[in-house]
Amino acid sequence: MVDLLSLMAFNAAYAEAIDSDALERWPRFFTEACHYRITHVENEREGLPAGIVWADTRAMLEDRVAALREANIYERQRYRHLLGVPVVASADAHGATARTPFIVARVMATGETEVFATGVYLDRFVKEGGELLLAERVAVCDSTVTDTLMALPL
Amino acid sequence: MVDLLSLMAFNAAYAEAIDSDALERWPRFFTEACHYRITHVENEREGLPAGIVWADTRAMLEDRVAALREANIYERQRYRHLLGVPVVASADAHGATARTPFIVARVMATGETEVFATGVYLDRFVKEGGELLLAERVAVCDSTVTDTLMALPL
Amino acid sequence: MVDLLSLMAFNAAYAEAIDSDALERWPRFFTEACHYRITHVENEREGLPAGIVWADTRAMLEDRVAALREANIYERQRYRHLLGVPVVASADAHGATARTPFIVARVMATGETEVFATGVYLDRFVKEGGELLLAERVAVCDSTVTDTLMALPL
C-alpha cells in the first residue's frame, strides 16, 4: 500500500533535485513512458491539451534538462519549492493518485525574492520494482499568465 | 487516538476545498455548532472577541459561502494555501487541539501573485461518527492590517 | 529509530517558537555544544566558513536571543516560517541527518508582507535522554544578498 508518508518523502526528494540544481536527477522521478505537463487552471478546466510544457517520455524530460543547461538558467536565479500535503484520491499496493499544492519562490541574483508560481500537481504514482515513480504529473498553475521562464521544471 | 498524519490529511483536504473553488464543501469540515473566526495577532493577544469574520454554526458558514458566490470573488482572483505541520497540544481518541501555520498566496487575473496572509490556525478537532471535524478554528493573522477581501475563508 | 514524522513534529515546534515570539525557547532545541550557522548558497558551495550568524554553544544562542530582545526586533515585524518535508539522508536509533527547505515571510507593521528568506536547513539531529535535539543546523539561504536583519533566527 502506497501511503501518505511515502508520497510526502517522494515529493520532498523531487523538489530538492530541482532546487539544489541537481536537474539531471529530475527525469529519474518518472517512469520511462510518462506524462508530464505544465498548464494553467483555465486551460485545464476547458480540457485544452496544449500546456506550457509537455513531455511523454523520460527522454523528453532529459532533453529539457539539456536545454536548460544550455540556457544557463540556474546561473541567473534560484528556485525554492514548498509543497503541501498530498490529498490522496486513491491508493493500493501498486500506486496512487493524489493532488499536491505547491508554491515556488524565485530568488534573483540581486536578492529579490518573489512568489513565482502557485498551483497543484495532479499525480499518478506507480510502483516499479519496489520503487515509487511518477507515471503522470500535471502541474496546474493558478496563474493564467505564462512566464516564458516557466520552462523550468515545476 | 487522533494522530498527526490524520490532522495533516484533514488540513490538506480543507485547503483544497477553498483553493479549488469548491467552497460549498468548506462548511462540511466543521461540526454543526462550531466556532470559526478570523482575527489578528494583536486582537487575539488582548482577548478582543471581535474578529474580521465570525461564525458559530455551520449554517453561518454556508451563508458566508453564498455571499462570496454572490460577490463573484473567485472570478477575479485565486488563492493558494500552504499549511505547515500541526503542533499538537493534546490528542486522544475523541479529538485533538493543535496549532498550524499557514501562508496564503493570492493570484490576480493579471498573473500578479503575492503573499496575501500568513498566520496560525488555533484548532479544536473532534471525532463525530468516526469522522474528524473542526469544532473550533481561529485563524490568527500575523498582519494587523485588515484587508476587506479577508472575507474569503482562511 | 528517528523517523520522518518525529523530525516534522520537531521542526514544527521549532518554527512556532520563533514565529510566536517565544524566542527564549529557541536555544532549547539545540544540544549544549552545537553548531548553528546562517549562510548562503555561494559561501556554502565554496566552503567559506564565515556565515551571517554563527554559534557553537547553546549559551551563544541565548546571547543572541538577549540581543534580539534588546533590539526590540519583534516590535516592528513578525515572521512566519513554512517548512517542507525533510529529506532524510541517514537515520538510526541515536539520530538523523536531514535537509529541510524553508520559506520565511516577513510581516511589517504596515501589513506589507513579503518573502523574506528561502533556503534549506542542513541538520544533524541527536537523541539525548530520549529527547530529539539539534547538534547542528546550517541554514543555507538561496539569496546571496545579506539582509542585516538576518540576525533573526532561521
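# Reading a predicted three-chain model

Tutor: Start with one residue. A:E62 has a relative accessible area of 42% and is partly exposed. Keep in mind that this is a predicted model.

Student: How do I read that percentage?

Tutor: Use two cut-offs. Buried means under 20%, exposed means over 50%, and partly exposed lies in between. The 42% of A:E62 falls between them, so A:E62 is partly exposed.

Student: Where in chain A is A:E62?

Tutor: Helix α3, residues 58–71, holds A:E62. Now add a distance. A:L23 is 39 residues from A:E62 along the chain, and their C-alpha atoms are 9.1 Å apart.

Student: Let me try the cut-offs again. Is B:G130 buried or exposed?

Tutor: The relative accessibility of B:G130 is 59%, so B:G130 counts as exposed. This glycine sits in the loop between β6 (113–128) and β7 (131–141) of chain B. From B:G130 to B:E16 there are 114 positions in sequence and 21 Å between C-alpha atoms.

Student: Which residue shows the buried case?

Tutor: Take B:V107. Its relative accessibility is 2%, so B:V107 is buried. Strand β5 of chain B, residues 95–108, contains B:V107.

Student: What does B:V107 touch, beyond residues up to four places away?

Tutor: Residues of two chains. From chain A come A:T118, A:D142 and A:S143. From chain B come B:R76, B:Q77, B:R78, B:E112 and B:T113. Look at B:Q77 in that group. B:Q77 is 30 residues from B:V107 in sequence, yet the C-alpha distance is 5.5 Å.

Student: Now the whole fold. What is the secondary structure of chain A?

Tutor: Chain A has 4 helices and 7 strands. Read the order from the N terminus: α-β-α-β-α-α-β-β-β-β-β. Then check the packing. The radius of gyration is 15 Å and the globule rule for 154 residues also gives 15 Å, so chain A is as compact as a globular protein of that length.

Student: What are the spans along the principal axes?

Tutor: The C-alpha trace of chain A spans about 45 × 30 × 25 Å. Add the burial figure: 56% of the 154 residues in chain A are buried.

Student: How do contacts split by sequence separation in chain A?

Tutor: Consider contacts with a separation of 6 or more. In chain A, 58% of them join residues 24 or more positions apart.

Student: What about the surface and the charges?

Tutor: The accessible surface of chain A is about 6300 Å², and carbon and sulfur atoms own 52% of it. For charges, compare mean positions. Chain A carries 15 positive and 23 negative charges, and the two mean positions lie 2 Å apart.

Student: How is the size of an interface stated?

Tutor: It is often given as the accessible area lost when the parts come together. Between chain B and chain A, that area is about 1600 Å², with 69% from carbon and sulfur atoms. Three residues lead on the chain B side. B:R78, B:R80 and B:L82 give 35% of the area that chain B buries against chain A, more than any other three residues. By residue count, 18 residues of chain B meet 23 of chain A.

Student: And how many residues form the contact between chain C and chain A?

Tutor: Chain C brings 23 residues and chain A brings 19. The area buried between these two chains is about 1600 Å², and carbon and sulfur atoms give 68% of it. C:I103, C:V115 and C:D142 lose the most area to chain A in chain C, together 29% of what that side buries.

Student: Back to single residues. Where is A:H40?

Tutor: A:H40 is in strand β1 of chain A, residues 30–40. Its relative accessible area is 9%, so A:H40 is buried. Leave aside neighbours within four places in sequence, and A:H40 contacts A:V140, A:C141, A:S143 and A:T144.

Student: Which backbone angle should I check at A:D21?

Tutor: Phi. A:D21 has a positive phi of about 65° and is not a glycine. The residue lies in the loop between α1 (4–19) and β1 of chain A. At 25% relative accessibility, A:D21 is partly exposed.

Student: What is phi at C:D21?

Tutor: Near 65°, again positive in a residue other than glycine. C:D21 sits in the loop between α1 (4–19) and β1 (30–40) of chain C. Its relative accessibility is 24%, so C:D21 counts as partly exposed.

Notes:
Residues numbered from 1 in each chain as written. Chains lettered and ligands numbered in written order. Predicted model: local features only at pLDDT ≥ 70, side-chain atom pairs only at ≥ 80, totals over all residues. Heavy atoms only, no water. Helix = DSSP H or I, 4+ residues; strand = E, 2+ residues; numbered from the N terminus. Rg over C-alpha atoms; globule rule 2.2 N^0.38 Å. Buried < 20%, exposed > 50% of the residue type's maximum accessible area, 1.4 Å probe, protein only. Contact = heavy atoms within 4.5 Å. Areas by Shrake-Rupley, 256 points an atom, 1.4 Å probe, with all protein chains shown as cover. Lys, Arg positive; Asp, Glu negative; His and termini not counted. Charge placed at Lys NZ, Arg CZ, Asp CG, Glu CD. Buried area = accessible area lost by both parts, 1.4 Å probe.
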